[in-house]
Amino acid sequence: MAELAEPEKIEAILRELAPASDCQGGSLTQEAALLCERGWLRACLPKRRGGEGWGCEPAGTRDAFNALRTLGRANLSVARLFEGHMNAVKLITLYGNEESAREVADAINAGMLLGVWGADDPAEPLAFVQRDGMLRLAGAKCFASGLGLVGRAVITATTPTGQQLLFVSADEPERCDYSAWSMGGMRATQSGRYDFTGVEVGDDALIGASGDYQREPYFEGGIWRYCAAHLGAAEALYHAMLAQLTDRGRADDPNQQRRIVASAIAIESARLWLLRAADEVEASGAEAAKATLSLLAREATEDACRLVMEHAERALGMAAHGENSFVHRMIRDLRLFLCQAKPDAKRGTAAATLTSMAARPEQL
Ligand SMILES: Cc1cc2nc3c(=O)[nH]c(=O)nc-3n(C[C@H](O)[C@H](O)[C@H](O)COP(=O)(O)OP(=O)(O)OC[C@H]3O[C@@H](n4cnc5c(N)ncnc54)[C@H](O)[C@@H]3O)c2cc1C
């Protein structure tokens, strides 16, 4: 067998580890250590901080896209955590000052995984009071991916003038509520509730100005990153379908050929949409309106993922439903991950832009 390239080796290792963490309370400790050891956590830093600019510099866009796809092909939960890490670095690079950028680089060089926790506990949304150079936090985050693994997180607090970003420690075990995540998919992400009530930090934890978080083209525009992970999962399902049909001698059945071709076209169409969105959103000086490309690419990716899942299930029959099978886990994970986040609202925003501009996508 030919020697595997580094991303392929990482994909193979993560794929082998995946079944062990696919359970309530499953942990991705080994996976996070691997990404650290192989330099993938550090690669998300800007070049001048020792990274490769993955996701935070135009020259690192294609590598970031391929890394997220690679992880999606192996284990979507790992891809979810890695995307959060990449997003945290990006937000600090965009809106943080020199000191916070140095802190992030030091933390990552010491092996830390970062996250972005935006979703509030509806009953106790995150808020803070600022006094004498200190911030006192109250409230909790829900769907917080990577509980117990993420060392520090970029979190949001709603203020009268918009969402304010803060960069805070997120590693106190007694603040984690793992029971808040009882999903049938993405189990290994450990995306539970983290209670910040009573936490006190210096006001240097504030990142940028209120409203920065939702600034375009990086807020909605940045969804190309998790879509790249979704696409990776669809690619893995496509490969599994080809391999199993070939093994069973059914790949030349015209019914299966129709599914193979339709799935191939779907994943390649989504890949081309996402590449364009990523390249244009991450180009230096990109205009806010470029975010619409990511919204349309998300729609194309979701449609492609749903088509490939449907065809893989029909092509493989019961084999697609084996409880511990690769295909079954991938489909469970992908169906849940596609819920992130507010897909109807995203489609609505894209439609409103297309209508108001009376534009074809190529004109965006
Ligand atoms: C695996 C996974 C990991 C996650 N990790 C994190 C994390 O680390 N940090 C974090 O902050 N969040 C995380 N999230 C949560 C995510 O950001 C969203 O908060 C979450 O997906 C909410 O989804 P929902 O389906 O419960 O609700 P909703 O978003 O309410 O969606 C339910 C339905 O309502 C529709 N809808 C919702 N709002 C609107 C609207 N304004 N207009 C029109 N239609 C609307 C949606 O399109 C959808 O059809 C994660 C989610 C998943 C699935």
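Good morning. Throughout this talk, helices are DSSP runs of H or I with at least four residues, strands are runs of E with at least two, and both are numbered from the N terminus. With that convention, A341 is found in the loop between α10 and α11. The structure under discussion is a predicted model.

I begin with that loop. The peptide bond joining Q340 and A341 is cis, with omega at about -20 degrees. A cis bond also joins E216 and P217, where omega is about 15 degrees. P217 is placed in the loop between β10, residues 206-207, and α7, residues 224-247. As background, most peptide bonds are trans, and most residues other than glycine have a negative phi.

That background leads to the residues with a positive phi. F143, in strand β4, has a phi near 50 degrees. Is F143 buried, exposed or partly exposed? There are 19 other C-beta atoms within 10 Å of F143, and a residue needs 20 or more to be buried, so F143 is partly exposed. A358 has a phi near 45 degrees and sits in the segment after α11. A358 counts as exposed because it has 7 C-beta neighbours inside 10 Å, where the limit for exposed is 12 or fewer.

I turn now to the domains. The domain assignment gives domain 1, residues 6-207, and domain 2, residues 220-356. Their centres, taken over C-alpha atoms, are separated by 24 Å. Across the boundary, 24 residues of domain 1 are in contact with 26 residues of domain 2. On the domain 1 side, α1 (6-21), α4 (61-74) and α5 each supply at least two residues. Which of these helices gives the most to that side? It is α4, with 8 residues. By residue class, the side of domain 1 that touches domain 2 divides into 11 nonpolar, 8 polar and 5 charged residues.

The ligand is the next topic. Where does the shell around the ligand lie with respect to the two domains? Domain 1 and domain 2 both give residues to this shell, so it lies between them. The shell holds 22 residues, and the closest are G118, F143, S145, D344 and A345. F143 in this list is the residue of β4 whose positive phi was mentioned earlier. Five elements each supply at least two residues of the shell: α5 (76-95), β1 (113-117), β4 (140-144), α10 (326-337) and α11 (343-357). In composition, the shell has 12 nonpolar, 7 polar and 3 charged residues.

Helix α5 appears both in the ligand shell and on the side of domain 1 that touches domain 2. Of the 20 residues of α5, 18 are buried, and the helix is mostly covered. Its length can be checked as well: at 1.5 Å a residue, α5 should span 28 Å, and because its end C-alpha atoms are 28 Å apart, the two values agree.

Finally, the strands. Strands of a sheet pair through backbone hydrogen bonds, either parallel or antiparallel. An open sheet is formed by 4 strands in the order β1-β5-β6-β10, with mixed pairing. Its edge strands are β1 and β10, each of which pairs on one side only. Within this sheet, β5 (residues 150-159) and β6 are antiparallel over 8 bridges, and V154 stands opposite F167 in β6.

Strand β3, residues 134-138, has two partners to report. It runs antiparallel to β2 (residues 127-131) with 5 bridges, and A127 stands opposite A138 in β3. The hairpin of β2 and β3 has 2 residues between the strands, and D132 there takes a positive phi near 50 degrees. Strand β3 is also joined to β9 (residues 200-202) by 3 bridges in the antiparallel sense, with M134 opposite G202 in β9. Which side chains of β3 point to the buried face? L135 and L137 do, whereas M134, R136 and A138 point to the other face and are not buried. In a regular strand the side chains alternate between the two faces of the sheet.

One last position is P173, in the loop between β6 (162-169) and β7 (176-177). P173 is exposed because it has 8 C-beta neighbours inside 10 Å. Its C-alpha atom is separated by 9.2 Å from that of Y194, which is 21 residues apart from P173 along the chain. Thank you.

Technical notes
Residues numbered from 1 in each chain as written. Predicted model: local features only at pLDDT ≥ 70, side-chain atom pairs only at ≥ 80, totals over all residues. Near = placed C-beta within 6 Å. Nonpolar A, V, L, I, M, F, W, Y, C, P; charged D, E, K, R; others polar. Domains from an automatic or database assignment. Contact = placed C-beta atoms within 7 Å. Expected span 1.5 Å × (residues − 1). Pairing = 2+ DSSP bridges.
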